[in-house]
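I opened this one to look up how its strands pair and how some of its helices pack. My notes follow the order of the lookups.

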Amino acid sequence: MTDSIQQLRQQRSGDLVKGLRERLRESQQRVARVPNPLPEGRLSRMVGMTLEAEGVRLPVGGRAAIHTASGQRLPAEVVGFHGEKTFLMPEGRLEGVAPGARIEPLEQARLIGVGPELLGRVIDANGRPLDDMGRIRASEQIPIEGRPINPLKRDPVRTPLDVGIRAINGLLSVGRGQRLGLFAGSGVGKSVLLGMMTRHTEADVIVVGLIGERGREVNEFIHDILDVESRKRTVVVAVPADQPPLLRQHGAWVATAIAEHFRDQGLNVLLLVDSLTRFAQGAREIAMAIGEPPATKGYSASVFARLPQLVERAGNGDKGGGSITAFYTVLAEGDDQNDPIVDAARAILDGHVVLSRAIAETGRYPAIDVGASVSRVMDALINDQHRQAAHHYRNLTSTYEMNRDLIAVGAYRQGADPVLDEAVAMRARLEDYVRQNRLDKVNFDEAREQLFGLFGLTAHKAAA
């Protein structure tokens, strides 16, 4: 009897010790999950858009809230530091910011809500709705920085993407996962061409990033250029020109993150960013504000490092997954095709479509300069007959352009050059091929058959 009582006491004592150890372990885990307290700081200096803070210990990319005189909390992001000073860039207007303002570190990372709830909506760089359709209850939160993909695990670009534009489908064929630049000066029809793609493309989802554009153009793009049907599968991220440079950068990151989410769901996404130049200018403003020296035409070295970081996130995903086919408009200031951003974009993209002001002035739209444009993956997407027809078209148009002055002054004599004779005889038909009304759709097969028809080929002969 005594032994049984002793055993019972030992068992109860062991259970008590075990329970205490378990509770201690749970308490230790809860304590480990509590974030370390971050010291608050004070605003010591403000120059332009740059805020200098003392006492803040945050890494580059960290976020903080600045308490204004009116009691508001202005979000800001750390963009650099020097000694004991931390440089922050605000995400909003600086009205009400006073000397010595309290700066409160924020633990939360920059996340964006994603999911099918975004389709048909217009949001800003913070994911807040700009339309009058109510709150967006996104099903998932993801960081805007995205995740890198092993280049060896990406699917190769082998499948054509129909964008509904005859000149591109027939002469500059685009593949799923390709990244192209749309180079043009101001007022040459970039936005209209993007609108045609959103209307006519066969992509499952369209993500449009309107970065640094005028507010009027944002409104026109959404209500006039997009139609009702295409809007149902489109997400628009709008960051007008009056927004701080930090938000202009974030707008491009957010649009890309949303496209990545839909790609990871196995969908084919068309990403349109208008414009890559405004993104670069925002990066330049930030770099100059923190004292980074300029390198080329006022652009610092960090700007040219950020461009591939953005562009490389587009493309095909893991093998068997979805794709992001991306078009980035690049503003050629003064129609200069050697502008540093134009030159940098040309080097990191898989091709470029050049819009010509001279062609636009003749009334031909879209004003695509076929000779100056190129799709670097086109040969992997089309058959030999299509390739030969496209090359012949280019040869005829380039021959005509080289001899335009001779033709204009009457120095051209028929019979001296058979290629030039053919180019002159077919000039009107070649022009009509690349002319297209913005409401008309020409799918990939139609564009190819019409290209064959220019040279007396048929679909049956082309397939032979």
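These entries cover the strands, then the helices.

**Entry 1: the model**
I am working with a predicted model.

**Entry 2: the barrel**
I traced the strand order in the barrel. The barrel is closed, has 6 strands and runs β1-β2-β5-β4-β3-β6. Its pairing is antiparallel. I then looked up the turn between neighbouring strands of this sheet: on average it is 45 degrees, direction ignored.

Next I took one pair from the barrel. Strand β1 spans residues 41–47 and strand β2 spans residues 50–54. I find 5 bridges between them, in the antiparallel sense. For a register point I noted V47, which stands opposite T50 in β2.

**Entry 3: strand β11**
Is β11 buried or exposed? I checked residues 205–211, and 7 of 7 are buried. I also checked each face. On one side V205, V207, G209 and I211 are buried. On the other side I206, V208 and L210 are buried too. Both faces of β11 are therefore covered, with under 20% relative accessible area as the cut-off for buried.

Which strands pair with β11? One is β13, residues 268–274, joined in the parallel sense over 6 bridges. Here V207 stands opposite L271. Another is β12, residues 234–239, which also runs parallel to β11 and is joined to it by 6 bridges. I211 has V239 of β12 as its bridge partner.

**Entry 4: α11 against α15**
I moved to helix α11, residues 384–402, and helix α15, residues 444–454. They pack at about 60 degrees, with axes 10 Å apart. That angle makes α11 oblique to α15. The crossing is left-handed.

I listed the contact residues. From α11 they are Q385, H386, A389, A390 and Y393. From α15 they are F444, R448, L451, F452 and L454. By class I get 7 nonpolar, 2 polar and 1 charged residues.

**Entry 5: α11 against α13**
How do the axes of α11 and α13 cross? Helix α13 covers residues 418–425, and the two axes cross at roughly 90 degrees. They come within 9 Å. So α11 is roughly perpendicular to α13.

On the α11 side I noted H392, N395, L396, T399 and Y400. They meet V419, L420, E422, A423 and V424 in α13. By class this contact has 6 nonpolar, 3 polar and 1 charged residues.

Notes: Residues are numbered from 1 along each chain as its sequence is written. This is a predicted model: local features need pLDDT of at least 70, side-chain atom pairs count only at pLDDT 80 or more; totals for chains, interfaces and linings use all residues. Side-chain values use heavy atoms; hydrogens and water are left out. Axes are lines fitted to C-alpha atoms, for helices over the stretch in contact, and angles run from 0 to 180 degrees between N-to-C directions. Helices (H or I, at least four residues) and strands (E, at least two) are DSSP runs, numbered from the N terminus. Angles under 35 degrees count as roughly parallel, over 145 as roughly antiparallel, 65 to 115 as roughly perpendicular and the rest as oblique. A crossing is left-handed if the near helix is turned anticlockwise from the far one by less than a right angle, and right-handed if clockwise. Contact means heavy atoms within 4.5 Å. Ala, Val, Leu, Ile, Met, Phe, Trp, Tyr, Cys and Pro count as nonpolar, Asp, Glu, Lys and Arg as charged, and the others, Gly among them, as polar. Buried means under 20% relative accessible area, exposed over 50%, partly exposed in between (1.4 Å probe, protein chains only). Two strands pair if DSSP finds at least two bridges between them.
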